[in-house]
Amino acid sequence: MNAPVPNKFIKGQTGEWEIVIGLEVHAQVLSKSKLFSGASTEFGAEPNAQVSFVDAGMPGMLPVINEKCVEQAVRTGLGLKAKINLSSIFDRKNYFYPDLPQGYQISQYKNPIVGEGEVFIDLKDGSSVRVGIERLHLEQDAGKSLHDQNPDSSYVDLNRSGIALMEIVTRPDMRSSEEAAAFLKKLRAIVRYLGTCDGNMDEGSMRADVNVSVRKPGAPLGTRCEIKNVNSMRFVALAVEYEARRQVEIIEGGGAIKQETRLFDSKLNETRSMRSKEEAHDYRYFPDPDLLPLELDVAWVAAIEKTLPELPDEKRARFVAAGLSPYDASVLTAERELADYYEDLAKGVDAKAAANWLNNEVLGRLNRDGLSIADVPVSAAANNAIVAMIAEGAISGKIAKDLLDIVWNEGGDPRALVESRGLRQVTDTGAIDAAIEAVIAANPAKVEEVKAKPKLAAWFVGQVMKQTGGKANPVAVNAALKKRLNLPEEG
Amino acid sequence: MSTAFTLAKARDALKARKISSKELTQSFIAAVEQGRPLNAFVTETPEKALAMAAASDARLAKGEGGALEGLPLAIKDLFCTKGVRTTAGSRILGNFVPPYESTVTQNLWNAGAVMLGKTNMDEFAMGSSNETSAHGPVFNPWRAKNSNANLVPGGSSGGSSCAVAADLCLAATGTDTGGSIRQPAAVTGTVGLKPTYGRCSRWGIVAFASSLDQAGPMTKTVRDAAILLGSMASVDAKDSTSMDVPVPDYEKLLEGGIKGLKVGIPKEYRMDGAPPEIAALWDKGADWLKAQGAEIVEVSLPHTKYALPTYYIVAPAECSSNLARYDGVRFGHRAKSARDITDLYEKSRAEGFGAEVQRRILIGTYVLSAGYYDAYYARAQKLRTLIARDFTEAYRKCDVLLTPATPGPAFAVGDKSDDPVAMYLNDVFTVTVNLAGLPGLAVPAGLTETGLPLGLQLIGKAFDEATVLRAGLAIEQAAGFAHKPANWWRAA
């Protein structure tokens, strides 16, 4: 468990408190069909359009494991640097609920498919925190009860019933709402890199149960409350903040925390009691006799490992080694699409220049237009050409931005546009000298000022640039000016 | 036409075009109607039977047809049959009509068999007398000498055993979780085979205890059991516990005799207080096998005494979970006037399940609950491993085991229905076989002094049904069991 970090403490009436957070994340496995049936997992179908007899719990129906889902769980486990358990067992978790047709959920209890692993999260201050993964197991999702369709009845939609979920359980290693949100963000990045979960929190593909407790720094763990089904990173942070405050107030008011399950109300930004420990179900777990133990072949696991993509941490390290700041590297590796875009953009040009261009110009415009990297209207190759032209001295930085605007709005090949629109930088000394003479002739007083105060040469550079329609190479202008006005080199 | 055919004889007559499937089926439809006082069938499907028979006759006329072409069978009401009501002997399924066909019955139809209807059974296959059925008890065609008392046909496959014994069908399917094929076969003078766990697919069979349930044939002769098993058995991608072991020609493998076969007699099956008739028949069985060249060896199955308690933890535990889906929400019986969802569950299940099923759900829920799991379920699983190991050890010394099939003959309706423990003791010789997942065969071997049938059981190695059947044939031939119950029900 991580050591207490004072700047993460929250203040109460009686001094500082440390928040302890663990997460149980449910991530929907990316697969065409369900965990134990052939029914489709497509999002957004008509209610009960994707339900097999198995999913509906019909008499005599039996589950058959979907190999693709097992592969995805193993791939995720490998991505979490976790131990893959070559033998695991499916258990039945028994409880009655209308959206649980079998009367039990097939899950994994004592013998999960994936054991201990780890995730490193990157915080705004540049620090990194290790969060231990306790386990990952496969289980079935339940259906959905619809209470708003009819005044007298509730309806049930079983489309989700039987869809494969990975439950990923962390150690209680997080100490602030920022860390909890950062963990979720990092986990989402990892599963999206791996292609094992689409991470769409709006569609419920990823949701978290958040375990929160508070304690005086260094004291034993406090009693925890579990906040169920929090479905965005912002809500995770808000739920932790609220819940920690609530617990501190209770303890400081002389009360004790009751272990219970709570839900987060995203409208009121508060948590509310759902059920106490005493009301908790007795799930009567036992091994599902319809399924044999899941035995994995070492070679099969090794073959999956060979196909793992480079993951965010490794990519980030590579980007830093190539010259990016750790912060830039974190930003650019948060999404696989962005990282891939960056790598295409940076081909053959300076890594740092490419990163700056992407961060400032491309992401700035996307932000302005409310677009994501998937919708970017200018290809990485086009941006690469622009950055290369800056480096070659073919265009100035200013022209480059104008050029990007043109390509952004009208499309076209940047190199061709530079030629067809006459945007190429003027490095011809004759033309530059002529422009300098014109500026000097028009501003005799300024010439004297510059001679006294060489720093004012920048004004002349600006005027010459203006004179050339921004196409003069500023470096060449600078050199020619210094020579003409006989200014010292360091000016 | 008489319905006293064996499956093999009817098959041969059909193949030789001496009879037609239509004639044969019509005779059985009439027998089923006349047999109604026995209450063996809960659903009769005469129209379906005639349509299937006509199709079979057309195939036979072309010289085509499968292994069971044109042969009328009865199906235990635990098998889901597409378009035909399936109740599992319970009120809770109401008039449930499955939109799918179980793998085993589909295999039978693929082989050309004709369906006469669905047979009565103990509710959800829980019982040894067919008295827990929501459709009422089945009466054994056998009656004791000089008695008109109605006897039970055994259970849970009581409708099937009765239908076979009374010649209401050529053969029937059963399922066996703790003895539900072998015990009813033994007390009706018929043959019942519980195959190795995984031999027949469980897909589409209403589940009782998934790790123990297995479908099997109930027939008039050992040869018929071999024939029927050959068509029922298959590996099935839809059942993860079915096994990919080739299905041999069991009928052909009946030949060859038992010379040199090592037959084990487990000493722990000699129970104190067992009727002397049972022990005497057992000894006789061993003598018959010895006379045909088998070698008799004594073996030990030391954990036998734990088999019943182990079974009555494992089976209810699985049943409590398997039967959770009968909640009144999607199909089957739904209580009227429920206040809320919990009330709907409680009322539907209280109204839909009978007393024995409720008892087992409660036992199963209890043994799995927090704080009791280790004391009951976990220990039962350990014992199960030890019981299975007993058999492995015994098979180092022998090829097949010979034991009694039941502790006694058929008893009177109502005799044991108020005493669950007495009822559970019926399975004392059969449950070990389910716990170990092995094949077991009940063969009629003689009559009691009161004129009621008794059976012997042969237990084999996993997937060695062929040896079990061959030894069974030896018993059958030596016993020369040709007795038939007097037909009292036609007059009734």
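Helices and strands here are DSSP runs, with at least four residues for a helix and at least two for a strand, numbered from the N terminus. Counted that way, chain A holds 15 helices and 16 strands. Keep in mind as we walk through that this is a predicted model. Its overall scores are ipTM 0.96 and pTM 0.91, and in chain B the mean pLDDT is 97, with 100% of residues at 70 or more.

Let's begin with chain A as a whole. Its radius of gyration is 30 Å, whereas a compact globule of 491 residues would come out near 23 Å. Along the principal axes, the C-alpha atoms of chain A occupy a box of roughly 95 × 55 × 55 Å. Of the 491 residues in chain A, 43% are buried. If you look at contacts in chain A between residues at least 6 apart in sequence, 69% of them link residues at least 24 apart.

Two local details of chain A are worth a visit. One is a hairpin made by β6(A) and β7(A), with five residues between the strands. Strand β6 (residues 117-122) and strand β7 (residues 128-140) of chain A run antiparallel and are joined by six bridges. Within this pairing, Ile121(A) has Val129(A) as its bridge partner in β7(A). In the turn you will find Gly126(A), with a positive phi of about 90 degrees. The other detail is Asn48(A), in the loop between β2 (15-28) and α1 (67-79) of chain A. Asn48(A) is not a glycine, yet its phi is positive, near 60 degrees. Is Asn48(A) buried or partly exposed? Asn48(A) counts as partly exposed because it has 15 C-beta neighbours inside 10 Å.

Now let's cross to chain B by way of the interface. Here 31 residues of chain B are in contact with 23 residues of chain A. On the chain B side, α9 (307-322), α10 (341-352) and α11 (355-368) each supply at least two residues. The biggest contribution comes from α9(B), with three residues. Sorted by class, this side of chain B has 15 nonpolar, nine polar and seven charged residues.

Further into chain B we meet an open sheet of eleven strands with mixed pairing, in the order β1-β3-β2-β4-β6-β5-β10-β11-β9-β7-β8. Which strands stand at the edges? They are β1 (41-44) and β8 (295-299) of chain B; each has a single partner strand, so one side of each is left without a neighbour in the sheet. On average, neighbouring strands of this sheet are turned by 30 degrees against each other, direction ignored. For a look at one pairing, take strand β2 (residues 72-76) and strand β4 (residues 171-176) of chain B, which pair in the parallel sense over two bridges. There, Leu73(B) stands opposite Ala171(B) of β4(B).

Helix α5 (residues 158-165) of chain B packs on this sheet, where it touches β1, β2, β3 (114-119), β4 and β6 (214-219) of chain B. The direction of α5(B) makes about 155 degrees with that of β4(B). Why is α5(B) described as largely enclosed by the rest of the structure? Because eight of its eight residues are buried. Among these buried residues are Gly158(B), Gly159(B), Cys162(B) and Val164(B). The buried residues of α5(B) pack against β1, β2, β3, β4 and β6, and also against α6 (182-187), of chain B.

The surroundings of α5(B) offer some backbone features to inspect. As background, most residues other than glycine have a negative phi, and most peptide bonds are trans. Just after α5(B), Asp167(B) takes a positive phi of about 60 degrees. In the loop between β3 and α5 of chain B sits Ser156(B), and the peptide bond leading to Ser156(B) from Gly155(B) is cis, with omega near 10 degrees. Phe124(B) also belongs to the loop between β3 and α5 of chain B. Although Phe124(B) is not a glycine, it has a positive phi of about 50 degrees. Phe124(B) counts as buried because 33 other C-beta atoms lie within 10 Å.

Our last stop is Ala49(B), in helix α3 (residues 46-61) of chain B. With 23 other C-beta atoms within 10 Å, Ala49(B) is buried. Leaving aside residues up to four places away in sequence, Ala49(B) touches Thr25(B), Ile29(B), Pro72(B), Val114(B), Met115(B) and Leu116(B). Ala49(B) and Gly117(B) are 68 residues apart in sequence, while their C-alpha atoms are 8.1 Å apart in space.

Conventions
Residues numbered from 1 in each chain as written. Chains lettered and ligands numbered in written order. Predicted model: local features only at pLDDT ≥ 70, side-chain atom pairs only at ≥ 80, totals over all residues. Contact = placed C-beta atoms within 7 Å. Nonpolar A, V, L, I, M, F, W, Y, C, P; charged D, E, K, R; others polar. Rg over C-alpha atoms; globule rule 2.2 N^0.38 Å. Buried ≥ 20, exposed ≤ 12 C-beta atoms within 10 Å, placed from the backbone. pLDDT = per-residue confidence, 0-100. Pairing = 2+ DSSP bridges. Axes fitted to C-alpha atoms, helices over the stretch in contact; angles between N-to-C directions.
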